[in-house]
Amino acid sequence: MKLADRLNDFDAYLGTAMNLILTKMKEQGKDVINLGLGDPDVIPPEHTRRSLAEACYAPDSHHYPSYYSPMPLKEAIAAWYEQQYEVRCDADTEVLPLLGSADGLFHIHTCLLDVGDIALVPDPCYPAYIAGVKIAGGVVESIPLLRENHFLPDLDSIPPEIAKAAKMIWINYPNNPTAAHADILFYQRLAEWARQFDVAVVSDNPYSEICFDGYRAPSFLQVAGSKEVGVEFNSLSKSFNACGWRVGFMVGNRDIVAALTKIKSHSDRGMFYPLQVAARAALTGPNEFMQERNAMYLQRRDVVVEGLRKCGINVNSPKGTFYIWAPLPEGKENSKEWCIKVLDAIAVWMIPGSMYGRHGEGYFRVALTHPAARLNEAMERLEAYLRL
Ligand SMILES: Cc1ncc(COP(=O)(O)O)c(C=O)c1O
């Protein structure tokens with residue numbers, strides 16, 4: 001079969017292949033602890049699951065999504081942005097439901113890039129950004145995220161000729177994989193920079209509701225005039241423990257919303273109606289569960305940070321996301337080699353930093369998607385392994 005050359009330009013999503021390997025290890029009787037999973041081990045609130053079930057049972061719920069007008073979810077997304085951030089959006093023209101934010105963050109490249117156009121992409125980053133740029137025929141220009149800059153991009157270090165040529169810039173705070181956070185001053189500076197160079201800002205904010213230590217993640221759209229220069233993605237996956245639902249959304253610039261709507265009118269025709277009903281229930285319903293859930297992640301964060309520090313690993317304690325981004329133990333340089341050795345030796349899987357880009361090398365990522373006792377066990381195994 002003659003497949004397209006572009007398939008050689010990017011790697012398949014790592015999670016799928018790793019899950020197969022780890023399942024095989026489990027079948028062989030190994031007690032594997034998978035600290036790679038970015039999928040909460042807790043479930044969506046009861047009232048949202050009930051809404052989903054009831055809407056599924058309704059006989060009139062199974063048509064093409066465009067049959068239902070107005071779409072029940074759009075208004076709820078606009079109301080949520082106003083409630084969370086005091087950002088006002090027009091539900092018809094500035095809001096677009098997505099089949100998981102992955103749907104939008106893949107197709108947005110087709111809206112913004114012609115073949116050969118430059119996209120500025122942080123390194124390290126969520127790998128789908130790079131695959132999306134390449135599949136659209138764009139060119140990735142990396143912006144390093146360095147520990148000394150708190151894993152924020154140094155906009156002033158982007159050469160003006162690259163900035164002028166670039167069509168879009170990816171931003172993601174609270175960040176996967178570094179767990180770094182941004183404040184509103186960073187977004188203000190970013191909006192100014194984007195206006196100066198006429199670059200579209202694409203902010204990916206799926207960890208917005210998972211914050212600790214009094215920190216609240218802002219939205220890029222809180223900056224005055226931001227809708228002229230960009231959009232923001234968000235999702236129910238992490239905030240509402242609903243990764244499997246595949247419900248996300250994009251909010252912001254109306255030209256980009258119209259462009260993505262046009263593409264999606266061909267690619268998927270919209271979201272299953274009962275999911276729209278359930279997502280509306282999530283966004284408009286009680287959200288006290290989030291406090292309890294975040295307290296749980298906080299306890300887990302502290303278990304892992306303390307465990308890694310006991311191992312002699314000098315790790316930051318993050319204010320957001322359910323990840324820990326840790327430097328390799330002293331003397332180790334190749335994250336892939338080290339993570340595979342650890343998996344073989346103690347059946348604990350952590351993701352090598354190099355999987356997220358060149359500047360991710362020298363780090364590994366731990367996900368807090370297991371009960372504290374299990375995380376503690378993983379840390380004890382690691383400490384014993386490193387003592388050998
Ligand atoms: C930074 C980032 N963006 C987007 C996604 C995709 O989220 P969704 O489940 O909404 O497609 C993830 C998932 O891990 C992520 O970490």
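Here is a walk through this structure, from the ligand and its surroundings to a few unusual backbone spots and a pair of helices. Keep in mind that what you're looking at is a predicted model.

Let's start with the ligand. There are 15 residues around it, and the ones that come nearest are D204, Y207, S235, S237 and R246. Sorted by class, this shell is a mix: six residues are nonpolar, six are polar and three are charged. Which helices each supply at least two residues of the shell? They are α4, running over 101-112, and α9, covering 236-239. Helix α4 gives the largest share, with three residues.

Now zoom in on some individual atoms. S101 has a polar side-chain atom 2.8 Å from an oxygen atom of the ligand. Y207, which we already met among the nearest residues, has a side-chain N or O atom 2.7 Å from a ligand oxygen. S235 is also on that list, and a polar atom in the side chain of S235 sits 2.6 Å from an oxygen atom of the ligand. So how much of the ligand does the protein bury? On its own the ligand would expose 400 Å², and the protein buries 94% of that.

Next, follow the backbone through some loops. Find the loop between strand β3 (118-123) and helix α5 (128-135), where P124 has its place. The peptide bond joining D123 and P124 is cis, with omega at about 10°. Another cis peptide bond runs from N176 to P177, and omega there is near 15°. You'll find P177 in the loop between β5 (166-171) and α7 (184-197).

One more loop is worth a stop, the one between β4 (139-144) and α6 (160-165), because F151 has its place there. What is phi of F151? Phi is near 60°, a positive value in a residue other than glycine.

Finally, let's look at two helices packed together. In general, you describe such a pair by the angle between the axes and the distance between them. For α13 (residues 335-346) and α14 (residues 372-387), the axes come within 11 Å and cross at roughly 105°. An angle from 65 to 115 degrees counts as roughly perpendicular, so that's how α13 lies relative to α14. On the α13 side, the contact is made by W338, K341, V342, A345 and I346, while α14 brings R381, L382, Y385 and L386. By class, this contact has seven nonpolar residues, two charged ones and no polar ones.

Key: Residues are numbered from 1 along each chain as its sequence is written. This is a predicted model: local features need pLDDT of at least 70, side-chain atom pairs count only at pLDDT 80 or more; totals for chains, interfaces and linings use all residues. Side-chain values use heavy atoms; hydrogens and water are left out. Axes are lines fitted to C-alpha atoms, for helices over the stretch in contact, and angles run from 0 to 180 degrees between N-to-C directions. Helices (H or I, at least four residues) and strands (E, at least two) are DSSP runs, numbered from the N terminus. Angles under 35 degrees count as roughly parallel, over 145 as roughly antiparallel, 65 to 115 as roughly perpendicular and the rest as oblique. Contact means heavy atoms within 4.5 Å. Ala, Val, Leu, Ile, Met, Phe, Trp, Tyr, Cys and Pro count as nonpolar, Asp, Glu, Lys and Arg as charged, and the others, Gly among them, as polar. A residue is near a molecule or strand if one of its heavy atoms lies within 4 Å of it. A polar contact is a pair of N or O atoms within 3.5 Å; within protein, one must be able to donate a hydrogen and the other to accept it, and residues adjacent in sequence count only if both atoms are side-chain atoms. Accessible areas come from the Shrake-Rupley method with a 1.4 Å probe; for residues, only the protein chains shown count as cover.
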